[in-house]
Amino acid sequence: MTSGAASRGKRVALVIGSGAVKCAAALGLWQVLQRDGIGLDLLVGCSGGSLFAATMALGFSIEESVTHTQRLWNRRLTARRHWPSLARALLPGVFKFDERFGMIDDGAMWRGLQVVFGERTFAEARTPLRIVACDFRDGEPVVLSEGRIADALRASIAIPFIWPPWPVNGRLLIDGAVADPLQVDVAIKEGAGLIVAIGFEAPTPRRVKSISRFAFHVNSVMTNNLLRANYAFHNLAHHAEIITIVPEFDRPIGLFDTDQFPHVIAQGERAMEEQLPYLRRLLET
């Protein structure tokens with residue numbers, strides 16, 4: 001996909017941060033860019049945002065992206081406990097606890113990723129795609145750009161304590177939000193001249209009534225604190241060609257509220273329209 005900016009020597013990147021269902025706001029943002037004739041030269045996704053970055057990079061329509069994400073991301077993902085992991089946690093001396101711990105069985109998630117993405121690789125993306133995960137052992141961010149997209153996605157959404165880490169290229173990876181919930185620096189290192197970054201407050205469970213919801217809640221609190229710190233840093237750095245968008249929602253958006261997609265997408269569209277005049281000015285310089 002070639003953008004008007006690219007013809008002037010300025011590459012345009014879209015960075016989609018973590019945020020579960022809220023990440024669908026990126027589709028509304030994308031719709032505004034398409035309508036204005038602004039293409040993308042790079043897509044970067046982290047955690048829940050990686051799902052939408054991947055569908056967009058592969059050329060799926062907005063409708064297809066919604067349909068596939070509803071198939072992938074729903075309450076059935078947490079329906080089955082990972083009993084071997086729980087047994088190892090309760091009786092580590094008997095069952096030999098290891099670092100592949102996760103309270104929830106990831107079978108439903110992996111099957112969904114295979115149905116939607118199959119054997120597609122990064123090489124098949126119409127727009128260059130980067131998916132960010134985090135190395136479980138040393139905490140370093142890992143930028144994935146080769147191999148099967150399904151593997152990269154499974155790694156990037158491996159929320160600690162919830163789903164087991166995922167091995168990719170000899171490294172054990174977890175949720176990219178652990179390293180940074182809005183990976184603007186990936187686009188900078190890739191040489192993007194203009195970066196649109198859309199970030200979200202991570203949703204928390206409405207009621208903490210199970211150990212898995214407790215883990216979701218703790219992960220959301222940590223992710224939100226990291227997002228606020230990074231957002232403040234980028235504001236202080238005041239890089240003129242990074243446009244950071246944090247859509248506001250007038251209602252609670254839960255972890256699996258995919259029925260709220262139309263509202264979330266509309267809020268992303270509105271947030272991008274507010275920034276569009278500034279984006280146009282940057283493209284003209």
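A residue is called buried here when its relative accessible area is under 20%. In this predicted model, helix α4 offers a good place to apply that cut-off: its buried residues are Ile-62, Ser-65, Val-66, His-68, Thr-69 and Leu-72. The cover over these residues includes α2, α3 (48–57), α7 and α11.

One of those covering elements, α2, can be followed in more detail. The axes of helix α2 (residues 25–35) and helix α4 (residues 62–72) come within 11 Å and cross at roughly 170°. Angles over 145 degrees count as roughly antiparallel, so α2 is roughly antiparallel to α4. On the α2 side, the contact is made by Leu-27, Trp-30, Gln-31 and Gln-34, and α4 contributes Ile-62, Ser-65 and Val-66. By residue type, the contact of α2 with α4 divides into 4 nonpolar, 3 polar and no charged residues. Ile-62, Ser-65 and Val-66 also appear among the buried residues of α4. The spacing along such helices has a simple background: an α-helix has 3.6 residues a turn, so residues three or four places apart point the same way.

Turning to the interior, the largest nonpolar core holds 79 residues, and Phe-117, Leu-129 and Leu-279 touch the most other members. Helix α11 (residues 261–284) supplies the largest share of this core, with 9 residues. Leu-129 shows what such a position looks like in detail. Leaving out residues up to four places away in sequence, Leu-129 touches Leu-43, Ala-53, Ala-54, Ala-57, Phe-122, Leu-144, Ser-145 and Ile-149. Another core lies apart from the largest one; this second core has 14 residues, among them Ala-13, Val-15, Val-184 and Ala-187.

Ile-149, one of the residues touched by Leu-129, leads on to helix α8 (residues 149–156). This helix is mostly covered, with 8 of its 8 residues buried. The buried set consists of Ile-149, Ala-150, Asp-151, Ala-152, Leu-153, Arg-154, Ala-155 and Ser-156.

Val-15, a member of the 14-residue core, sits in strand β1 (residues 12–16). With a relative accessible area of 1%, Val-15 is buried. Beyond its neighbours within four places in sequence, Val-15 is in contact with Val-44, Leu-182, Gln-183, Val-184, Ala-187, Ile-195, Val-196, Ala-197 and Ile-198. Val-184 and Ala-187 are thus both contacts of Val-15 and members of the 14-residue core. The fold also brings distant parts of the chain together at this strand: Val-15 and Gly-199 are 184 residues apart in sequence, yet their C-alpha atoms are 8.3 Å apart in space.

Gly-48, in helix α3, gives a second example of such a pairing. Its C-alpha atom lies 9.1 Å from that of Asp-175, although the two residues are 127 places apart in sequence. Gly-48 is buried, with a relative accessible area of 10%. Setting aside neighbours within four places in sequence, the contacts of Gly-48 are Ser-18, Ala-20, Cys-23 and Ile-157. By contrast, Val-221 and Gly-45 are 176 residues apart along the chain and their C-alpha atoms are separated by 20 Å. Val-221 belongs to helix α10 (residues 211–237) and, at 38% relative accessibility, counts as partly exposed.

Ala-20, one of the contacts of Gly-48, is also notable for its backbone. Most residues other than glycine have a negative phi. The phi of Ala-20, however, is near 55°, a positive value. Ala-20 is placed in the loop between β1 and α2 and is buried, with a relative accessible area of 16%. Lys-96 likewise has a positive phi, near 60°, and lies in the loop between α6 (92–95) and α7 (107–117). Here the surroundings differ: Lys-96 is exposed, with a relative accessible area of 67%.

The cysteines complete the picture, and the structure holds 0 disulfides. For Cys-46, the nearest cysteine sulfur is that of Cys-23, 8.5 Å away. A disulfide needs sulfur atoms within 2.5 Å, so Cys-46 is in no disulfide. Cys-46 is buried, with a relative accessible area of 1%. Cys-134 is in no disulfide either, and its nearest cysteine sulfur, that of Cys-46, is 9.3 Å away. At 2% relative accessibility, Cys-134 also counts as buried.

Methods
Residues are numbered from 1 along each chain as its sequence is written. This is a predicted model: local features need pLDDT of at least 70, side-chain atom pairs count only at pLDDT 80 or more; totals for chains, interfaces and linings use all residues. Side-chain values use heavy atoms; hydrogens and water are left out. Axes are lines fitted to C-alpha atoms, for helices over the stretch in contact, and angles run from 0 to 180 degrees between N-to-C directions. Helices (H or I, at least four residues) and strands (E, at least two) are DSSP runs, numbered from the N terminus. Angles under 35 degrees count as roughly parallel, over 145 as roughly antiparallel, 65 to 115 as roughly perpendicular and the rest as oblique. Contact means heavy atoms within 4.5 Å. Ala, Val, Leu, Ile, Met, Phe, Trp, Tyr, Cys and Pro count as nonpolar, Asp, Glu, Lys and Arg as charged, and the others, Gly among them, as polar. A nonpolar core is a set of buried Ala, Val, Leu, Ile, Met, Phe, Trp, Tyr and Cys residues joined through side-chain atoms within 4.5 Å. Buried means under 20% relative accessible area, exposed over 50%, partly exposed in between (1.4 Å probe, protein chains only).
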